[in-house]
Amino acid sequence: MPFNRQTGLVEHDVARARTFALISHGSQLWGELPYVYHLDAVHLVYISVAHDLEGRTACFLHDVVEDTDTTLESVEEEFGPDVRRIVDFCTALPGKNRKEKVLATNSRTAKSDDFHAMLVKLSDRIVNIERSIHLKTSHFEMYRSEQPAFKEAIYRDSSPNTLLQKRLDSLFKI
């Protein structure tokens with residue numbers, strides 16, 4: 001059921017986005033777990049500070065363009081332009097390696113004032129770092145080295161952002 005521009009998103013679209021993402025990600029894993037664990041965790045962090053349908057929907061779709069054959073056009077067709085905008089924001093820009101991708105993505109992020117997109121991106125980052133701490137993976141040191149530039153690009157002085165920013169900062173004090 002494609003996005004209805006007259007009614008906009010409805011609560012059912014959040015569950016539909018989760019199903020859409022599960023189908024799109026297929027057998028992709030998050031470590032040894034099915035990818036849905038990652039998507040659900042991002043959604044849980046997000047709803048701790050915000051409850052809008054666009055952001056909640058985008059939590060489930062934030063990786064579909066980057067990790068699958070799904071296009072931004074299909075995201076927009078199914079979930080509308082606001083969800084597409086957030087998913088686009090959360091999709092890493094191209095580069096020859098991680099360092100180039102991170103630099104390009106942080107540069108774009110720094111120019112944005114898209115509140116909900118930043119909350120989804122912060123939620124995703126928190127979930128990835130918490131998992132790297134829990135599993136004691138080398139990813140934690142990678143995230144730690146990237147944190148100053150990430151912080152400069154995305155931190156803002158708005159209430160929900162501040163709550164997630166403090167949560168993210170606390171992870172590096174463990």
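How far is the sulfur of Cys59 from the closest cysteine sulfur? I looked it up: 8.1 Å, to Cys90, which is too far for a bond. A disulfide here needs a pair of cysteine sulfur atoms within 2.5 Å, and the count comes to zero.

Note to self on the setup: this is a predicted model, where local features need pLDDT of at least 70, side-chain atom pairs count only at pLDDT 80 or more, and totals for chains, interfaces and linings use all residues. Residues are numbered from 1 along each chain as its sequence is written, and side-chain values use heavy atoms, leaving out hydrogens and water.

Then I checked burial (buried is under 20% relative accessible area, exposed over 50%, partly exposed in between; 1.4 Å probe, protein chains only). Cys59 is buried at 0%, and Cys90 is buried at 7%.

Next, the largest nonpolar core (buried Ala, Val, Leu, Ile, Met, Phe, Trp, Tyr and Cys joined through side-chain atoms within 4.5 Å). I found 42 residues in it, with Leu61, Val83 and Leu168 having the most contacts inside. Helix H8 (115-135) is among the helices that supply at least two residues each, and H8 gives the most, with eight. Helices are DSSP runs (H or I, at least four residues), numbered from the N terminus.

I also pulled the contacts (heavy atoms within 4.5 Å) of Val83: leaving out residues up to four places away in sequence, Val83 touches Leu9, Glu54, Thr57, Ala58, Leu61 and Val75.

Last stop was Thr68, in the loop between helix H4 (64-67) and H5. Thr68 is buried, at 16%. With the same sequence cut, Thr68 touches Ser24, His25 and Asp63.
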